[in-house]
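User: Hi! I've just opened my first protein model and could use a hand reading it. Can we start with what sits inside?

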Amino acid sequence: MVFQAIGFWLLVLAIPLWAYRFYLSSRLEPRERDAFKRLLQRADEKALVFGIKLFGFLVALSASVLALIALLGYIKYGNSQIGSYREVVRNRIYSGVDTVDNALDTFHYDQWLPIAILITCALLTISFTLVGTALRDISLLRRLHSRLKKIGKGNKTAPGNPQNA
């Protein structure tokens, strides 16, 4: 349940971050916009590749924890039955709206435990990727703007500068 809450709040945080990123990118001049596009194309790691790696890591981690729990259950009880997510997690997040809560029960809490874990891994992957990409782009936009501003101040005598006329 903690991981679903973290994923949800990161998704909520991603909305204003992406709005701020679009605001910053809309204020770019054509020269700055071209430089920003080139920098994004040359980025060390694309957001999709980061998301796939993160999802793989989370699935592997959760699979190893699930295998450990199944092994301990087999040692203690003699069987390792894995039921629904509802049987494992007692506390749930409810919105108070019946249609949303019924959909949440059907979509997540009544699922077989490995499927619920995959859904949680996907939620965390999407939210981390959205927040991380927005923060990277905002940082890149700010650095680009400040560097181009410094270059512009240093070239006051450059040809084509309107202040030279």
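User: So which residues have the most contacts inside the largest nonpolar core?

Analyst: This is a predicted model, and in it the largest nonpolar core has 14 residues. Those with the most contacts inside that core are L17, F36, V131, L141 and L144.

User: Which helices each supply at least two residues of this core?

Analyst: α1, α2 and α6 do. The largest share comes from α6, with seven residues.

User: Why would residues like that end up together?

Analyst: In soluble globular proteins, nonpolar side chains tend to be buried together.

User: OK, zoom in on L141. What is L141 in contact with, leaving aside its neighbours within four places in sequence?

Analyst: L141 is in contact with R21, L24, S25, L28 and F36. You may recognise F36 from the list of residues with the most contacts inside the largest core.

User: And what other core lies apart from that one?

Analyst: There is another core of seven residues, and L54, L58, L113 and C121 are among them.

User: Let's switch to α2. How many residues does it have, and how far does it reach?

Analyst: α2 has twelve residues and covers 17 Å from its first C-alpha to its last. That is close to the 16 Å expected at 1.5 Å a residue.

User: Which residues in α2 are buried?

Analyst: E32, A35 and F36 are buried there. Looking down the axis of α2, the buried residues fall within an arc of 100°, so they line one face of the helix.

User: What about the other side of α2, buried or exposed?

Analyst: P30 and Q41 are exposed on that other side.

User: Stepping back, how many helices and strands are in the chain?

Analyst: The chain has six helices and zero strands. Of its 165 residues, 27% count as buried.

User: How much area does the chain expose?

Analyst: About 11600 Å², and carbon and sulfur atoms supply 67% of that.

User: What share of the contacts joins residues at least 24 apart?

Analyst: Taking contacts between residues at least 6 apart in sequence, 76% join residues at least 24 apart.

User: Last thing: where is confidence lowest and where is it highest?

Analyst: Confidence is lowest in helix α4, residues 85-88, with a mean of 62. Helix α1, residues 2-26, has the highest, at 88. For the chain, the mean pLDDT is 79, and 76% of residues reach 70 or more.

Notes
Residues numbered from 1 in each chain as written. Predicted model: local features only at pLDDT ≥ 70, side-chain atom pairs only at ≥ 80, totals over all residues. Heavy atoms only, no water. pLDDT = per-residue confidence, 0-100. Helix = DSSP H or I, 4+ residues; strand = E, 2+ residues; numbered from the N terminus. Core = buried A, V, L, I, M, F, W, Y, C linked by side-chain atoms within 4.5 Å. Buried < 20%, exposed > 50% of the residue type's maximum accessible area, 1.4 Å probe, protein only. Contact = heavy atoms within 4.5 Å. Areas by Shrake-Rupley, 256 points an atom, 1.4 Å probe, with all protein chains shown as cover. Expected span 1.5 Å × (residues − 1). Arc of directions from axis to C-beta.
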